[in-house]
Amino acid sequence: MSDIRSETMTVNMGPQHPSTHGVLRLVLELDGENIVSLNPTIGFLHTGIEKTCEQKKWQQIVPLVERMDYLGPQSNSLSFCLSAERLLGIESAMPDRVTFIRVLIAELQRLSSHLVWLGTHGMEIGAISVMMYAFREREQLLNLNEQLAGFRMFPSYLRIGGLREDLPRGFHQSVTAFLDKFPGKLDEYEKLLTKNDVWKRRTQGVGYLSREDTMAWGLVGPVARAVGIGYDVRKTFPYLKYDTFEFHVPTATEGDVFARYTVKIEEMRQSVKLCRQALERISPTGAFDCGDYRIVPPPKDRVYTEMEALIQHFLIYSQGFNVPKGECYVPVEGPRGEHGFYIVSDGTNRPLRVKSRAPSFMACQALDKMVVGGLVADLIAVIGSTDVVMGDVDR
């Protein structure tokens, strides 16, 4: 009697698979239903945005970088604007009102991104109702974007030197109405999931990552905080006066899919606290830029001669502005962790180099550590828990 033949099988998961959160290709080596090895293959969504930025004037780059991480676009534009403003030396000239509006926008953006994560992650594991509920609240946040700037996904409201325009009438009331209802919605999500036996069986002990591996792979954000690493740029390297706000950084120690879920749920509660504090500090009217008219358009009510008007139009809209020679990197805490833009200026009206630090890229390379030895069915839960966005990876 001959021996039973036994061998592993290599299969492709993606790049068209809907549960890979974009066009991510995973080359899996399987022994039955068990994963022996995983090799992530990226590049299917490559847009060349970083290179394109070198051909654009500084202010024109804002809409481009928002399309990298398309679930956290205003975190992208915020980090780019902060880096450019540091090179320009106008950080200290930024009015507090602009700073607090930026905090409000960043935290609302975090809520929006986390809701997409929760809805899609729940659907992939089998909790269909949660996706409908999460997207219901996310639509309300997109309505706020539309009220703010006329666009739902990519508002391009932030500008180097301030904001595109002042807050619209009634914006405070709209945000307050959302914040009053949202904590109750979070309670609904938790009632459906946190103590649900099926949810716990699909997430607890799945996709484990050790603290040592997390640090070795340079992982940040909720993935790192799920293993007890309390690194948060808002606390460690405060920007936008985050050090004057009251909030805490949620952590867990289990390092599995369930821990990443609990961390993100608590992050949303902390973002609500931050939004309320920011709203209290934002006066209904006031400055919405740094007032440096070499960089931002002058107010419409300013009286010009015809020649002054022509010069201002030419400088701001046609020629742009020059940024002093130098290099700079200002990180922010995006929805997926530390996100920032390293920019190099040669003193002209266009950057010499723009390079993004993308937390999703780091998470992709650590997938192998999380899934080897587990089941194919658990791979879907693990990918969802890392919250990767392929536009952030393939930029």
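Biologist: Before we start, two strands count as paired if DSSP finds at least two bridges between them. With that in hand, which residue of S8 is the bridge partner of Val344?

Modeller: Happy to look, keeping in mind that this is a predicted model. S7 covers residues 337–345 and is joined to S8 by 6 bridges, with the two strands running antiparallel. One bridge of S8 puts Tyr342 opposite Lys355. For Val344, the partner in S8 is Arg353.

Biologist: In what order do the strands of this open sheet lie?

Modeller: The edge strands each pair on one side only, and they are S6 (326–334) and S8 (351–357). The sheet is open, has 3 strands and pairs in the antiparallel sense, so its order reads S6-S7-S8.

Biologist: By how many degrees are neighbouring strands of this sheet turned against each other on average?

Modeller: The sheet in question is the open one with antiparallel pairing. Ignoring direction, the average turn between its neighbouring strands is 15°.

Biologist: Which residue in S7 is the bridge partner of Val330?

Modeller: S6 and S7 pair antiparallel over 9 bridges, and a hairpin of 2 residues links the two strands. Within that pairing, Val330 has as its partner in S7 Phe341.

Biologist: Which residue takes a positive phi in the hairpin of S7 and S8?

Modeller: That hairpin has 5 residues between its strands. The positive phi there, near 90°, belongs to Gly347.

Biologist: Is His339 buried or exposed?

Modeller: His339 sits in strand S7, where 8 of 9 residues are buried. Its relative accessibility is 3%, and because the cut-off is under 20%, His339 counts as buried.

Biologist: With the side chain of which residue does the side chain of His339 make a polar contact?

Modeller: Beyond its neighbours within four places in sequence, His339 is in contact with a list of residues including Ser75, Ser79, Tyr329, Val332, Ser356 and Asp392. The polar contact between side chains is at 3.3 Å, and the partner is Asn76.

Biologist: Which helix lies across S6, S7 and S8?

Modeller: The helix spans residues 73–88 and runs at about 145° to S6. This is helix H3.

Biologist: At roughly what angle do the axes of H3 and H4 cross?

Modeller: Two packed helices are described by the angle and the distance between their axes. Here H3 passes H4 in a left-handed crossing. The axes come within 8 Å, and they cross at roughly 145°.

Biologist: How many residues of the contact of H3 with H4 are nonpolar?

Modeller: On the H3 side are Pro73, Gln74, Ser75, Leu78, Cys81, Leu82 and Glu85, which meet Arg102, Ile105, Ala106 and Gln109 in H4. Of these contact residues, 3 are polar, 2 are charged, and the nonpolar ones number 6.

Biologist: What is the relative accessibility of Arg110, which counts as buried?

Modeller: Arg110 lies in helix H4 (residues 96–125). Apart from residues up to four places away in sequence, Arg110 touches Arg234, Tyr242, Glu267, Ser271, Glu333, Gly334 and Pro335. The side chain of Arg110 also makes a polar contact with that of Glu107 at 3.0 Å. Arg110 is classed as buried because its relative accessibility is 2%.

Biologist: How many ångströms apart in space are Ala127 and Trp199, C-alpha to C-alpha?

Modeller: Ala127 belongs to the loop between H4 and helix H5 (128–149), and it is buried, with a relative accessible area of 17%. Outside the residues up to four places away in sequence, Ala127 touches Gly122 and Leu193. Ala127 and Trp199 are 72 residues apart in sequence, and their C-alpha distance in space is 8.2 Å.

How values were computed
Residues numbered from 1 in each chain as written. Predicted model: local features only at pLDDT ≥ 70, side-chain atom pairs only at ≥ 80, totals over all residues. Heavy atoms only, no water. Helix = DSSP H or I, 4+ residues; strand = E, 2+ residues; numbered from the N terminus. Axes fitted to C-alpha atoms, helices over the stretch in contact; angles between N-to-C directions. Contact = heavy atoms within 4.5 Å. Buried < 20%, exposed > 50% of the residue type's maximum accessible area, 1.4 Å probe, protein only. Polar contact = N/O pair within 3.5 Å; in protein donor to acceptor, adjacent residues only side chain to side chain. Left-handed = near helix turned anticlockwise from the far one by under 90°. Nonpolar A, V, L, I, M, F, W, Y, C, P; charged D, E, K, R; others polar.
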